[in-house]
Amino acid sequence: EGQCLRGLTMAGIKTASGEYIDDSWELSVFVEDLGPEAEPVPLRVSGSMHVGGVMLQIVDKLKLQRDWSDHALWWEQKKMWLLNTHWSLDKYGILADARLLYTPQHKPVRLSLPNQCVVRIRANFAQPVFSAVIDICRVLGIRHPEELSLLRAPAEKEKRKHKEKEASATETFDLTGVRLPTNAEQQLFRGMPAHFSDSAHTEACYRMLSISQTGVTPEQILRMHRPGSIVEKTQINSRWLDSSRTLLQQDIKENDHLWLRFKYYSFFDLEPKYDAVRINQLYEQARWSVLLEETDCTEEEMVVFAALQYRINQLSLNTNPADHAGDSGLDDLDAALATLEVKLEGKSATPNVLDSLTDIPELKDYLRILRPRKLTLKGYKQYWVTFKETSISYYKSPEEALGEPVQQLNLKGCEVVPDVNISGQKFCIKLLVPSPDGMSEIHLRCGDEQQYAHWMAGCRLAAKGKTMADASYKAEVQNILSFLQLQRANPDAPLATEAEGTQWLVSPRYQKKFKPKQLTPRILEAYQNVAQLSLIDAKMKFIQAWQSLPDFGISYFVVRFKGSRKDEILGIANNRLIRIDLAVGDVVKTWRYNNMRQWNVNWDIRQVAIEFDEHINVAFSCLSASCKTVHEYIGGYIFLSTRTADSGQELKEDLFHKLTGGHEAL
């Protein structure tokens, strides 16, 4: 500091002839607080002066009484913040022609949330977007911010922009006044984070965040953009901001409109007690994904989604955020007593690990099998099928099961697609099994729901390389059965009172297909199966049903594979990469992350190269988005897979940047 002040006192001393006696020079700094038209502030500096000394000189010259603690210097030509205040101007390489701006590090932005509401909030423009999202999520009360990120809002047409502006003027919630101490534990008060209970306005804001929006109209849904093709589904992924660079580096300005969305479809530790906002925003993202046909679903599934929405809206109309809190103290006590009981009795609720290791369940039964081949119309044939560990084998009869099978399939790394129609009693499992020349397809047709649930659960686990001895097998069977139960008609149940306007509960495709008179009875019939669910259970059920759709959680990109002459689609999911034929939409090949050895990006030719086990190499360039976005998705999913329950709440931010940042971050 002494050296800095010495520099300040010496700089700018002239001789009698008007020449400077030192090596000082003039640096002009624009001060944002003086307005866009203001002249820059001229300073006398030397190359050895620290950035902190320059900032002291600016404040000294301005003589304005205000808090400058959030201000920092931004170097426009280099697009970088000068945050190391002890560095000298020489160390940064700053010369007289540098265009510097003295500006606050935190600025307000307009943030569109998954529930389509807009909130004004302070964002950090001087830290990487990953850190900025962590801060935003702390204010909003959302745990596990690593699952979310920011996108640029889509460019609106002028006429529409004017209408949107008028509408949004009344709808925006303001949280720019909220200041949270860093690293302080969130305190709950009246069932909400304490900073929301400051005023009626912040309480209304918490209600918007944690309780579902009920006033949606069919017109509103029809007005919103819906992707018409798989190529259109790739467009949103070109708008993600780079997590390892700051907002200002990406040309985001104060009061710009951004979107906050769940980017990675890997939701860790959803806990109703702490996650009222997170669960509600996730439900809203799931709901809009279904309503805007971003995720495809069958007619029966759509009716279930409609019934669950109807239940959630019914309960949301007269819910108070404080109700979410419940008797959490009593819940904790019950849980503590249950664990104490287990310890005293020496029993454990979890099955014995050794038993599950030695005794791997198997499935054996008659199933009907179809191997779709081009230009043949052969139907299903009955076979005796056995399911051991991660392999399915089928034989002409049980007696032949001791010999060679007709075919054996190892399901590790395969795609498992449900094909179910309850009313038509169709319970099919489509398997796309990786083979050297692409994917071989086989359909298993089960006789009833029970058989389907057990085989489907086994296939899903086998695809991940797990056997039916895995602790999650029984829960998976129950999940499948409960989702089928929701889709089943319930003719004996008394119909609820006539539902008002059921059209907005379904996507436009089904709005066109059915008249309200046809739709309402079907939704009310399905509603009988969910009428007993609590608000949080109904939201969780909706999220689980969304997660079980074949298209769930896939982010699409248009790419060109090395050696190929045509554009194709790359789908990125939380456990695999999928190569998709752009023209037909069929899955060509699947690669799992757990078979991945390494991946890197050649930044000069913008190509992503991946090496898998067995010397399989894949390389592609990305056409619909930056290859940094693809790199970040793959690295991000691998980062999320390292989270464990016992690693606490600490986020390993440096590991995220190491896996996703590429050479720019390093």
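**Fold, cores and local geometry of the predicted chain**

In the protein chain, 62% of the contacts with a separation of 6 or more join residues 24 or more positions apart, a contact being heavy atoms within 4.5 Å. The structure is a predicted model, in which local features need pLDDT of at least 70 and side-chain atom pairs count only at pLDDT 80 or more, whereas totals for chains, interfaces and linings use all residues. Residues are numbered from 1 along each chain as its sequence is written, and side-chain values use heavy atoms, with hydrogens and water left out.

The chain contains 20 helices and 26 strands; these are DSSP runs numbered from the N terminus, helices being H or I over at least four residues and strands E over at least two. Of its 666 residues, 48% are buried. Buried denotes under 20% relative accessible area, exposed over 50%, and partly exposed the range in between, with a 1.4 Å probe and protein chains only.

In soluble globular proteins, nonpolar side chains tend to be buried together. A nonpolar core is defined here as a set of buried Ala, Val, Leu, Ile, Met, Phe, Trp, Tyr and Cys residues joined through side-chain atoms within 4.5 Å. The largest such core holds 123 residues, and the members touching the most others are L150, W546 and I572. When residues up to four places away in sequence are not counted, W546 touches Y265, F267, L282, A286, S289, V290, T295, F305 and F552. A second core, separate from this one, comprises 36 residues, including F387, A463, Y473 and I480.

Helix α6 (residues 200-210) and helix α9 (residues 276-291) have axes that come within 7 Å and cross at roughly 50°. Axes are lines fitted to C-alpha atoms, for helices over the stretch in contact, with angles running from 0 to 180 degrees between N-to-C directions. The crossing therefore makes α6 oblique to α9, since angles under 35 degrees count as roughly parallel, over 145 as roughly antiparallel, 65 to 115 as roughly perpendicular and the rest as oblique. On the α6 side, Y206, M208, L209 and S210 take part, meeting A276, V277, N280 and Q281 of α9. The residues of this contact comprise five nonpolar, three polar and no charged; Ala, Val, Leu, Ile, Met, Phe, Trp, Tyr, Cys and Pro count as nonpolar, Asp, Glu, Lys and Arg as charged, and the others, Gly among them, as polar.

Helix α2 (residues 51-62) has twelve residues and reaches 17 Å from its first C-alpha to its last, close to the 16 Å expected at 1.5 Å a residue; the expected span is 1.5 Å times one less than the number of residues. Its buried residues are V51, G53, V54, M55, Q57, I58 and L62. K63, which follows α2, has a positive phi near 50°.

Positive phi values also occur in two loops. R606, between β24 (596-602) and β25 (607-612), has phi near 55° and counts as partly exposed because its relative accessibility is 40%. H615, in the loop between β25 and β26 (616-622), likewise has phi near 55°, but its relative accessibility of 66% means that H615 counts as exposed.

S316 lies in helix α10 (residues 299-316) and, at 2% relative accessibility, counts as buried. Leaving aside neighbours within four places in sequence, S316 is in contact with R207, I211, S212, T214 and L535.
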